[in-house]
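This report is for a reader meeting the structure for the first time. It takes up a hairpin, a buried acidic residue, the salt bridges and the nonpolar cores.

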Amino acid sequence: MHTTLVIGKKLLKMGWCLCMCRPSLSTFSSLLYSKTPSLPFPSTFLPSSSSTTPSIKSNLFSSFASSSAVATGTFTWEDVFRISQSAEEDNNSSYLHGYFHKVQLCNRDSGKQSEFLPFVIEGQTVGFIHSGFVEHFKSFSDVFIHIKDNSNGGSVSECVSLHPMLKTAEERTNAVAYVIKCLGEEHIPGIRNEFYPVVSSFGSRVLFSLERAAAPYFGIKAYGIHMNGYVEIDGQKHLWIGKRSNTKQTYPGMLDHLVAGGLPHGIDCKENVAKECEEEAGIPRSISSRAKPVGAVSYMDIDGYRYKRDVLFCYDLKLPENFVPKNEDGEVESFKLIPVRQVAEVIRKTQFFKANCSLVIIDFLFRHGYISPENVGYLDLLRSLRIGDCS
């Protein structure tokens, strides 16, 4: 049974091929391994090590700020509510620290980019694959080839590509899908038979389609839509927030947007918003058609063999005051309507939200005037919301 609460109102077995790379491929190296800072903003804007998550005047928060609580979503709406209303004075120089920390959580280990090899299709870099994960492809030489280029004066530039006999998008899709099936859940957990387009940039020709769960292991650009569903009550904006089902394979029990989803192959953003609105919140098309595209956020996150290069298209939808969302796909445990200022406090003080949701909501806070230039670090935070390859 779904619960809705409102706050703030009554209401082919295949050997391994090593071949010489064409000279043109040597240009990839300059693109790939340029030195990038480990943080997308000055480290002075992060909380000190002794207070990675700002404290509040409640013993409750410290117990839920632990990594186990964050990883499993073992908190309740009551905990969220208490933290959102906690009284705490923040000086102007430290107010944005909690937001910078959330940006950092989506942009980890950029210094490890050199551990990844470019994934090149038709001369275009479409992804990055960890050198350790590439070892899994040794038995599939009719699908993957490992290219080494020694043509540029002795320095070595490597890349991974697909076998030239795989000429069409359909042939590539089927061959790579076979490899992923063989590797299985042991190496690529969460396989769901949903496919993402593999492109060099948004809107460019689709070179093939890739299992969604495999996207970070191939380091492809993945796109998605996130929608802020808000209501105005007595002049005050409130956001509908969902709590993910505890049975979700990813981020169980965490806080989430009212509507969000990846952008699969064969569907555009507008249609995807309408589809996700119906499935995740029971929002009819007569209402979801009013959703406004308001920009995008991007990030690059490295976690072991996984390299997430995501771009999230942001939408705002002003909902009727009497609208109550109803989840239709079983992925949301419940919803709450929470004043925006209280949502902001939860983001600043906790890791209760699914990490990338925090970026989209921080963007909302900028656009609706909840973060101002008077806050120290304003421009650094604004810029950090698009630190990934937003193309």
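Which residue in E4 does Phe-119 stand opposite? The residue opposite Phe-119 is Gly-127. The model is a predicted one, and the values below are computed from it.

## The hairpin of E3 and E4

Strand E3 covers residues 116-121, and six of its six residues are buried, so the rest of the structure largely encloses this strand. E3 runs antiparallel to strand E4 (residues 124-130), and six bridges join the two. Two residues lie between the strands of this hairpin, where Glu-122 takes a positive phi near 50°.

## A buried aspartate in E13

Asp-301 is part of strand E13. Is Asp-301 buried or exposed? Asp-301 counts as buried because its relative accessibility is 6%, which falls under the 20% cut-off. Its side chain is joined to that of Arg-108 by a polar contact of 2.6 Å. Apart from neighbours within four places in sequence, the residues in contact with Asp-301 include Leu-105, Cys-106 and Asn-107 as well as Arg-108. Arg-306, Tyr-307 and Lys-308 are also among the contacts of Asp-301.

## Salt bridges

The count of salt bridges comes to 25. The table gives some of them.

| Acidic residue | Basic residue | Distance, N to O |
|---|---|---|
| Glu-78 | Arg-82 | 2.4 Å |
| Glu-232 | Lys-237 | 3.6 Å |
| Asp-363 | Arg-386 | 3.6 Å |

Glu-78 and Arg-82 belong to helix H4 (residues 77-84), where they are four residues apart, about one turn of the helix. Glu-78 is partly exposed, with 45% relative accessibility, and Arg-82 is partly exposed at 46%.

In the pair of Glu-232 and Lys-237, the glutamate is partly exposed at 30% relative accessibility, whereas Lys-237 is buried, with a relative accessible area of 18%.

The side chains of Asp-363 and Arg-386 also meet in a salt bridge. Asp-363 lies in helix H12 (residues 355-367) and Arg-386 in the segment after helix H13 (378-384), so this pair ties together parts that are 23 residues apart in sequence. Asp-363 counts as buried at 5% relative accessibility, while Arg-386 counts as partly exposed at 33%. Through salt bridges that share partners, Asp-316, Asp-363, Arg-367 and Arg-386 form one network.

## Nonpolar cores

In soluble globular proteins, nonpolar side chains tend to be buried together. How many residues does the largest nonpolar core have? The largest core has 40 residues, and those with the most contacts inside it are Tyr-99, Ile-241, Leu-255, Phe-353, Ile-371 and Leu-381. Among the elements that give two or more residues to this core are H4, helix H5 (97-105), strand E10 (236-244), helix H11 (340-349) and H13. Strands E13 (292-303) and E14 (306-318) are also among these elements. H12 supplies the largest share of this core, eight residues.

Leu-255 can be followed further. Leaving aside neighbours within four places in sequence, Leu-255 is in contact with residues including Phe-75, Trp-77, Val-80 and Ile-241. Val-346, Phe-352 and Phe-353 are also among the contacts of Leu-255, as are Gly-242, Lys-243 and Lys-354.

A second core, separate from the largest one, has 32 residues, including Phe-133, Phe-137, Ala-175 and Phe-208.

Definitions and conventions
Residues numbered from 1 in each chain as written. Predicted model: local features only at pLDDT ≥ 70, side-chain atom pairs only at ≥ 80, totals over all residues. Heavy atoms only, no water. Salt bridge = Lys/Arg side-chain N within 4 Å of Asp/Glu carboxyl O. Buried < 20%, exposed > 50% of the residue type's maximum accessible area, 1.4 Å probe, protein only. Core = buried A, V, L, I, M, F, W, Y, C linked by side-chain atoms within 4.5 Å. Contact = heavy atoms within 4.5 Å. Pairing = 2+ DSSP bridges. Polar contact = N/O pair within 3.5 Å; in protein donor to acceptor, adjacent residues only side chain to side chain.
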